[in-house]
Amino acid sequence: MSFGLFNVPNPVNEPVKEYRPGSPERESLKKAIQSFRSSETDVPMYIGGKEVRTERKLRISPPHDHQHTLGYFYEGDAEHVEQAINAALTAKENWAALSWEHRASIFLKAADLIAGPYRARINAATMLGQSKNAYQAEIDSACELIDFLRYNVFFATQIYQQQPNSSAGVWNRTEYRPLEGFVFALTPFNFTAIAGNLPTSAALMGNTVVWKPAYTQVLAAKVIMEVLLESGLPEGVINLIYVDGPVAGDIIFSHPDFAGIHFTGSTGVFQKIWGEIGANIHKYKSYPRIVGETGGKDFVLVHESANVDEVATGLVRGAFEYQGQKCSAASRAYIPSSLWPAVEARIKDFLSEIKMGGTEDFSNFINAVIDERSFRKITAYIDAAKESDQVRIVAGGNYDGSKGYFIEPTVLLVNDPNYRTMCEEIFGPVLSIYVYEPSEFDTILDIVNNTSPYALTGSIFAKDRYVIEKVSKALQNAAGNFYINDKPTGAVVGQQPFGGARASGTNDKAGSSLNLLRWVSARTIKETYVSPRHFAYPFLQED
Ligand SMILES: NC(=O)c1ccc[n+]([C@@H]2O[C@H](COP(=O)([O-])OP(=O)(O)OC[C@H]3O[C@@H](n4cnc5c(N)ncnc54)[C@H](O)[C@@H]3O)[C@@H](O)[C@H]2O)c1
Ligand SMILES: N[C@@H](CCC=O)C(=O)O
């Protein structure tokens, strides 16, 4: 019960710490890394507030040092999926009835815990478990997750404040109920912030959740759960299970109380899930909300008026930060022949300065790709490019999976703008470049627009304002996040709401009120103060 219309603290983006040598944040991060490396972390499932362990213990290892054991997690089966659904449904009534400010307080506290006492621990878990360097981990698992938690509370209040007009004698109200049933959060390996945001955004709006992360992200997922429990999240509100995706899907997508899926991952998996939900539609009590942000083939279009250093920097950061394992990564670039020799030289300069290795050595910019499956998939593209007479390897091209899954940042120059690495999502450190004649610029716009089924992110580098406007219009549907004179990655919560269209997802913009709206079902209430007491209209009376 609330006796006040409360204002929430105004959110501001969490400042990114720099981890310079000698800084206190660097020291505490190194200690947290050492602590994870020197012991084996036990990673149970969390169902109905209880830690659940099974006979099936699976090893967790750093992608950059796959022989080392960081700990073990416990794989569940169909029974654990059922238990998690039941726990979510049991918790639903009390959670949905809790005043919004108390729900909000739990997530605001979680943000403060990550900003403070858990910062080093969640960053270290992400660095070791997902092979992200300190700076990339700080941006993701600390700052972006903190921002999601704080901004979502603010956006929730904006939604609750949206109320209808009322004419005389009437009070109209809208209440934003949680969905009936439970929400399934299915999260990817590459962003700890996304893993945290997908279950918590739905829970903030009063839903209860079954959360299944990627197996390669469970170490940081455990830290998220520790934070939520310390924040006072009641049992059963978010239930974290480690179950094979299709096993979980079979049960969840045929359950009558399935109310929605909050998904981030590959396009293929999302399309399969959408098909399953469609086939089962008659089984559900409500039409489930389907929210999915998926793959990309993100472009950088360079005009001859662009600055070479800005282009080369945007390409190297955009393509190779976190080994290119960002849905937003610059993976195809179109460069005018007039600029290409200078851009090529600058990219090679930059790449010669880049070091590759484990995340424990803070001087490494490039670390390992996530697992052996990804390593094989990415290196198969590189091997095929080496064999092809349509491709010249401009930089990189070497790899070594013996200690960790290391792949050099690789730049391919292709002579066909439809060569497969210009069209398909590789999700690794591979950038493909097509060099065009400046006179062909309009043709290139069509090619950028039509080469891939995706429409996630893209950017234009140009100084000519007429060109910038022309490209912005021509590529209006080619990207959900469009950048001018910047790399196509690095969206910040509250500043660049994130998501793509076409095959890249439902574009429900994580980190905005648009996303939170998907987790509520509005009820309109009309109250009439003096109700009519007879059916007849006044005009029926005789003159
Ligand atoms: N658009 C975005 O905002 C965004 C952000 C991050 C990642 N991504 C995309 O995610 C992908 C990389 O992440 P990933 O490799 O973890 O993705 P993925 O699709 O392999 O896995 C995502 C989740 O789905 C589960 N899953 C896999 N197959 C399943 C099935 N058949 N049924 C049910 N669940 C299943 C996985 O276990 C994981 O939890 C890339 O394609 C990337 O572009 C998109
Ligand atoms: N939001 C992130 C990408 C998340 C996908 O992997 C960015 O904008 O770079």
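Me: Let's start with the cut-off: buried means under 20% relative accessible area. In this predicted model, why is Y322 called buried?

Reply: Y322 has a relative accessibility of 1%, and the limit is 20%, so Y322 counts as buried. You'll find Y322 in the loop between α10 (308-320) and β13 (330-336). Its backbone has a quirk too: phi is positive, about 50 degrees, although Y322 is not a glycine.

Me: And Y19, why does that one count as buried?

Reply: Same kind of reasoning. The relative accessible area of Y19 is 6%, which is under 20%, so the word buried applies. Y19 sits in the segment before α1. There, Y19 has a positive phi of about 60 degrees without being a glycine.

Me: What makes S35 partly exposed?

Reply: Partly exposed runs between the 20% and 50% limits, and S35 has 41% relative accessible area, so that's its label. S35 belongs to helix α1 (residues 24-38). If you want a yardstick across the model, go from S35 to T379: they're 344 residues apart along the chain, and 33 Å lie between their C-alpha atoms.

Me: How do you know how confident the predictor is in this chain?

Reply: Look at pLDDT, which goes from 0 to 100. The chain averages 98, and 100% of its residues reach 70 or more. For the complex, the predictor reports an ipTM of 0.99 and a pTM of 0.98.

Me: What makes the pair D42 and R53 a salt bridge?

Reply: The rule wants a Lys or Arg side-chain nitrogen within 4 Å of an Asp or Glu carboxyl oxygen. For D42 and R53, the closest N and O atoms are 2.7 Å apart, so the pair passes the 4 Å limit. D42 is in strand β1 (residues 41-43) and R53 is in the loop between β3 (50-52) and β4 (57-60), so parts 11 residues apart in sequence get tied together. Both ends are partly exposed: D42 at 28%, R53 at 40%.

Me: Why is the pair K355 and D361 called a salt bridge?

Reply: Their N to O distance is 3.6 Å, and the limit is 4 Å, so the pair counts. K355 has a relative accessible area of 40%, hence partly exposed, and D361 gets that label with 36%.

Me: How do you know how far apart E372 and R376 are in helical turns?

Reply: They're 4 residues apart in helix α12 (residues 372-387), so about one helical turn separates them. Their side chains form a salt bridge, with the closest N and O atoms 2.5 Å apart. E372 is partly exposed at 37%. R376 comes in at 54%, and over 50% means exposed.

Elsewhere, salt bridges with shared partners link E14, D112, R119, E138 and R150 into one network. The whole structure has 30 salt bridges by this rule, including E360 with R37, where N and O are 2.3 Å apart.

Me: What makes the area between domain 1 and domain 2 a buried area, and how big is it?

Reply: It's the accessible area the two parts lose on being put together, summed over both. Here that comes to about 1600 Å², with carbon and sulfur atoms giving 57%. On the domain 1 side, S131, Q136 and F189 supply 31% of what that domain buries against domain 2, more than any other three residues.

The split is domain 1 (32-61 + 74-294 + 505-526) and domain 2 (298-484). Their centres, taken over C-alpha atoms, are 32 Å apart. In contact are 18 residues of domain 1 and 20 of domain 2, and the rule finds 1 salt bridge across the interface.

Me: Which residues have the most contacts inside the largest nonpolar core?

Reply: W211, I252 and I261, in a core of 103 residues. Helix α5 (residues 134-161) gives the largest share of this core, 13 residues. Apart from it there's another core of 35 residues, including M422, I426, Y436 and A462.

Me: What does I261 touch?

Reply: Leaving out residues up to four places away in sequence, I261 touches F184, L186, F253, I273, I277, R289, I290, V291 and W519. Each of these counts as a contact because heavy atoms come within 4.5 Å.

Methods:
Residues numbered from 1 in each chain as written. Chains lettered and ligands numbered in written order. Predicted model: local features only at pLDDT ≥ 70, side-chain atom pairs only at ≥ 80, totals over all residues. Heavy atoms only, no water. Core = buried A, V, L, I, M, F, W, Y, C linked by side-chain atoms within 4.5 Å. Buried < 20%, exposed > 50% of the residue type's maximum accessible area, 1.4 Å probe, protein only. Helix = DSSP H or I, 4+ residues; strand = E, 2+ residues; numbered from the N terminus. Domains from an automatic or database assignment. Buried area = accessible area lost by both parts, 1.4 Å probe.
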